[in-house]
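Q: I have a new model open and would like to learn how to read its features one by one. Could you walk me through it?

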Amino acid sequence: MSDLVKRNETEILELYLHIPFCVWKCSYCDFLSFPASGEIRHAYVDKLVQEIRECGKRPETAGRTVATVFLGGGTPSLLESEETERILDAVGTSFSVEKEAEITMEANPGAFDGKKARHWRKAGINRLSLGLQSACDAELERLGRIHTGRGFLESFHLAREAGFENMNVDLMSALPGQTTESFLRTLECAAELSPEHISAYSLIIEEGTPFYESYGAMEADLERFGEYEEIPLARRARYKDLLPLPGEEADREMYHLTKAYLRERGYERYEISNYAKPGRECRHNIGYWNGTDYLGLGLGASSLLAGSRFSVTRSLETYLKLTPEDFRTGRQYIETSILSEKERMEEFMFLGLRLIRGVCPAEFAERFGCSMESVYGQALLKLREEGLLALSGEGERERIFLTEPGLDVSNYVLAKFLL
Amino acid sequence: MAIVDQSKIRNFCIIAHIDHGKSTLADRIIEMTGLLTSREMQSQVLDNMDLERERGITIKAQSVRTVYKAKDGEEYIFNLIDTPGHVDFNYEVSRSLAACDGAILVVDAAQGIEAQTLANVYLALDHDLDVFPVLNKIDLPSAEPERVAAEIEDVIGIEAADAPRISAKTGLNVEEVLEQIVERIPAPKGDPDAPLQALIFDSLYDSYKGVIVFCRIKNGTIKKGTPVKMMATGATADVVEVGYFGAGQFIPCESLSAGMVGYMTASIKNVRDTMVGDTITNRENPCAEPLPGYKKVTPMVYCGLYPADGAKYPDLRDALEKLQLNDASLFFEPETSIALGFGFRCGFLGLLHLDIIEERLEREYNLDLVTTAPGVVYRVHKTNGEMIELTNPSNLPDPSEIDYMEEPIVSAEIMVTTEFVGAIMTLCQERRGVYLGMEYIETSRALLRYELPLNEIIYDFFDALKSRSRGYASFDYELKGYQQSKLVKLDILVNREEVDALSFIVFEDSAYERGRKMCEKLKEEIPRHLFEIPIQAAVGGKIIARETVKAMRKDVLAKCYGGDISRKRKLLEKQKEGKKRMRQIGNVEIPQKAFMSVLKLDEE
């Protein structure tokens, strides 16, 4: 496990850069992304570079070391090589970036060739995240993905050949019409490629997406009743023509299968949905769960900096009109809220417990000046009695973490830590 | 105010079915008789409570005195006495009628006669009031004044040929109504020098003046200083002030004498000293007999009211006490429930009354309440000869001690369009109704008469009636008496623990169906827990129905990265909020509203 946790928190900064462009929006996606012309893209990149330059001058970021950079989207791989280079150059010159910093970019299979991949390496990207989602072409089509299983394999190899030694593959379970068998095939496909890291997510039906239009009602009913047999017929009639989403038991099965299968192949689960070969965990994301400061740049990007959370405007129109002066004074930000101590404690728990290793009471005490027991004693006791939380180690090294059954109902557990 | 000529007084009320235009007409009369100008009128000025405005009904009766200069050149004093319009408040209606000498019957010329119209007209006729009809809303394209006039003559038996055809909304022809009030409503009789005899037909509690008593003086005179006595309650006091009603104001005057309508105050602190229907007399020169018709008000429907937060119990008690100041028909007494803790058993005139009190408690007193399912008063005859009036099902004695039980029965009149007669008859049969008779009002409408157990109609009978008749049915009922019945107590067990607050008394043959439906409803209401929850209905310890709330097996948020954290927090907070409206019963969290909603049975 990376020793990021041991570093002085106030020193480290993570950077997140958002590239809100996609060729095509997948039916389940509720991220901030849309198709855009080359012109808009150029304008955006120019603006983003401006923002990077100005933010680098902010007092909150001066003197900080950037340990991780993450280019997310949308489809960051859509950018032209030159654009990607320009962005990373700006980062390098405006911030003090560690030599061994983890620099990740998300890429869509079938969206790049060897040449582009080599350019990325040259620009400094040392970790590539590819969205496979499913190895089954029929499922991919249903998801609205623009690649095929084969297209994915090709891209993966291209990336390896270009010199990417740290790769992640994204997978999805609980898809409409998916069975445990078809999911196993997806797992096999991914594991066979031997990426360093695998993220496996249960499909979430998000409001505002095309999936929600069709599957929203089915999902709500499944959530309420668990299995199809439990749903009253009158309700089921509303979506009887749709391919069914897996019921609760099947969902759980896929979920448990993931862990067992990947463990056998050398992947350790280190967070609810994330698996990695030893030492290959995603440092950037671990930062989120540890409460490390991060600065978000680009449209809609979120930040946690010096005790407050804020995000960049989601309006492209507004963003493109901002000036360097605006960026310097933070006018790109909306929804700023200063976290109270209570809120920071809550986050310590409901984010920290997402990591399989859980949270450390000694660290809590150091951060907040009081014991975890004094704040959460009752909740902790009850959850341990219910078999959802467990303890390991003692003294300084004591840790509290979600048990297997606890992980299955992590939302229920995490909600208990809201004061 | 100068000495009043009794022959120039007209005491009357307006009777009508809901929405037929009673309040609008009242407004027009007030407007046109020189008390307020049109501009000063707030629409429907007599409905002066917000709640009333929302529901469009008059709850608290209030009266207005206006002055009309008639075509004959004389000035007449009109005392318009407003009456509540809902079946729950029949007694109040009857006492308001007793304060009048005549009544205007307003009928919607498009809708025609409805069940409630009839009920109130019969009530008026029973009080020997002269009733003259008025056809309203003739401006509507669907108005059929000829047909409705004929209906009135045929069904009620009063002359309707000369009925003024008006639009209360526009004021069209209302002048004619005013003239007819002068001509057709008789002047009051009564001797101002005889011993005081005044009818209390309503009251209002004011923190400064104490109870403001609305009365109609039948005989004698009352003024400041008169030593009065309420003949039924025995309360005594000395009159501080008398006066009459402006619109929304009390206007003091020297005295009120026979034939007049007004108010009196006497620093009376307790609204129960001045019960509606009682007779006020001069205790130093009392009248021989009280006025007839006084009845002790009895609640028909009881429920349990519990504060969601136990610490708020004193606040609930205070609030109920305050509400009771102005509402002599609200009953309450403390009770405890194993499931819900400390609360009150409350008695109401009916479900509407219950709704209103509940809403006021929540809105005006800011109380979060758990309400248990409302039930009627049963008579339990024990084997030892004792008879108990049962208001709380949990107090039902052991079956071995019970000889037999009785339940309250009402006689109901239901008006429905002929195409739905069958559907409504089926509904009444389902509710153990006994068919009494039917008459056709005209080819398109029928009046059905049924005897029904009160406990079959207090919950959702009205809603079922409306939905099965596409909104066209109306009904009115009156308590007839008690009848022996095979009744049992239905208990509900959640996670194998009996929840006393969910118990209720049901007709034996309906127990299975009710039990099954209640279990189904609870299954929908109770959220999934980490363990399976059996929900069972039982009678006498024997399980008769069962549902299961499956254990929650997966509840995970797959992704939580930088941009998701604020949203995740909101989600978790929402979950926490949701828990606030829950009641912990053993290991199970039951939503507060579940306690009442289990009785919504007629899901069509």
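A: Gladly, and let us start with a helix on a sheet. In this predicted model, helix H5 (residues 145-156) of chain B lies across strand S4 (102-108) and S5 of chain B, and H5(B) runs at about 160° to S5(B). Helix H6 (residues 174-184) of chain B packs on the sheet too, where H6(B) touches strand S1 (9-16), S2, S3, S4 and S5 of chain B. The direction of H6(B) makes about 170° with that of S5(B).

Q: In what order do the strands of that open sheet in chain B come, and which are the edge strands?

A: Here is the general idea: strands of a sheet pair through backbone hydrogen bonds, either parallel or antiparallel. In this case the sheet has 5 strands in the order S2-S3-S1-S4-S5 (chain B), and the pairing is mixed. Strand S2 (63-69) and strand S5 (130-136) of chain B are at the edges, each pairing on one side only. On average, neighbouring strands here are turned by 30° against each other, direction ignored.

Q: How many bridges join S2(B) to S3(B)?

A: There are 7 bridges between S2(B) and strand S3 (residues 75-81) of chain B, and the two run antiparallel. To find the register, look for Arg65(B), which stands opposite Asn79(B) in S3(B).

Q: Now a hairpin, please. Which residue in the turn between S30(B) and S31(B) has a positive phi?

A: That residue is Gly540(B), with a positive phi of about 55°, in a hairpin that has 2 residues between its strands. Strand S31 (residues 542-549) of chain B pairs with S30(B) in the antiparallel sense over 7 bridges, and Gln536(B) faces Arg546(B) across that pair. S30(B) (residues 533-539) is also joined to strand S27 (residues 487-494) of chain B by 5 bridges, again antiparallel. There, Gln536(B) has Leu493(B) opposite.

Q: Which residues of strand S9(B) are on the covered face, and which are on the uncovered one?

A: In S9(B), residues 227-230, Val228(B) and Met230(B) make up the covered face, while Pro227(B) and Lys229(B) are on the uncovered one. S9(B) pairs with strand S10 (residues 236-238) of chain B in the antiparallel sense over 3 bridges, and with strand S15 (residues 279-282) of chain B, also antiparallel, over 3 bridges. Follow Val228(B) through both pairs: its partner is Ala237(B) in S10(B) and Asn282(B) in S15(B). The S9(B)-S10(B) hairpin has 5 residues between the strands, and Gly234(B) takes a positive phi near 80°.

Q: Which residues touch the most other members of the largest nonpolar core?

A: They are Ala103(B), Leu105(B), Cys215(B) and Ile414(B), in a core of 163 residues. Strand S23 (residues 402-417) of chain B gives the most to this core, with 7 residues. A second, separate core has 115 residues, including Ala90(A) and Phe350(A).

Q: Is Leu388(A) buried or exposed?

A: Count the neighbours: Leu388(A) is buried because 21 other C-beta atoms lie within 10 Å, and the cut-off for buried is 20 or more. Leu388(A) sits in the loop between helix H15 (372-385) and strand S13 (389-392) of chain A. Its contacts beyond four places in sequence include Leu402(A), Pro405(A) and Val413(A).

Q: And how many residues of chain B are in contact with chain A?

A: The contact involves 20 residues of chain B and 30 residues of chain A. By class, the chain B side has 9 nonpolar, 4 polar and 7 charged residues.

Technical notes:
Residues are numbered from 1 along each chain as its sequence is written. Chains are lettered from A and ligands numbered from 1 in the order in which they are written. This is a predicted model: local features need pLDDT of at least 70, side-chain atom pairs count only at pLDDT 80 or more; totals for chains, interfaces and linings use all residues. A residue is buried if 20 or more other C-beta atoms lie within 10 Å of its own, exposed if 12 or fewer, and partly exposed in between; C-beta atoms are placed from the backbone. Helices (H or I, at least four residues) and strands (E, at least two) are DSSP runs, numbered from the N terminus. Two strands pair if DSSP finds at least two bridges between them. Two residues are in contact if their C-beta atoms, placed from the backbone, lie within 7 Å. Ala, Val, Leu, Ile, Met, Phe, Trp, Tyr, Cys and Pro count as nonpolar, Asp, Glu, Lys and Arg as charged, and the others, Gly among them, as polar. A nonpolar core is a set of buried Ala, Val, Leu, Ile, Met, Phe, Trp, Tyr and Cys residues joined through C-beta atoms within 7 Å. Axes are lines fitted to C-alpha atoms, for helices over the stretch in contact, and angles run from 0 to 180 degrees between N-to-C directions.
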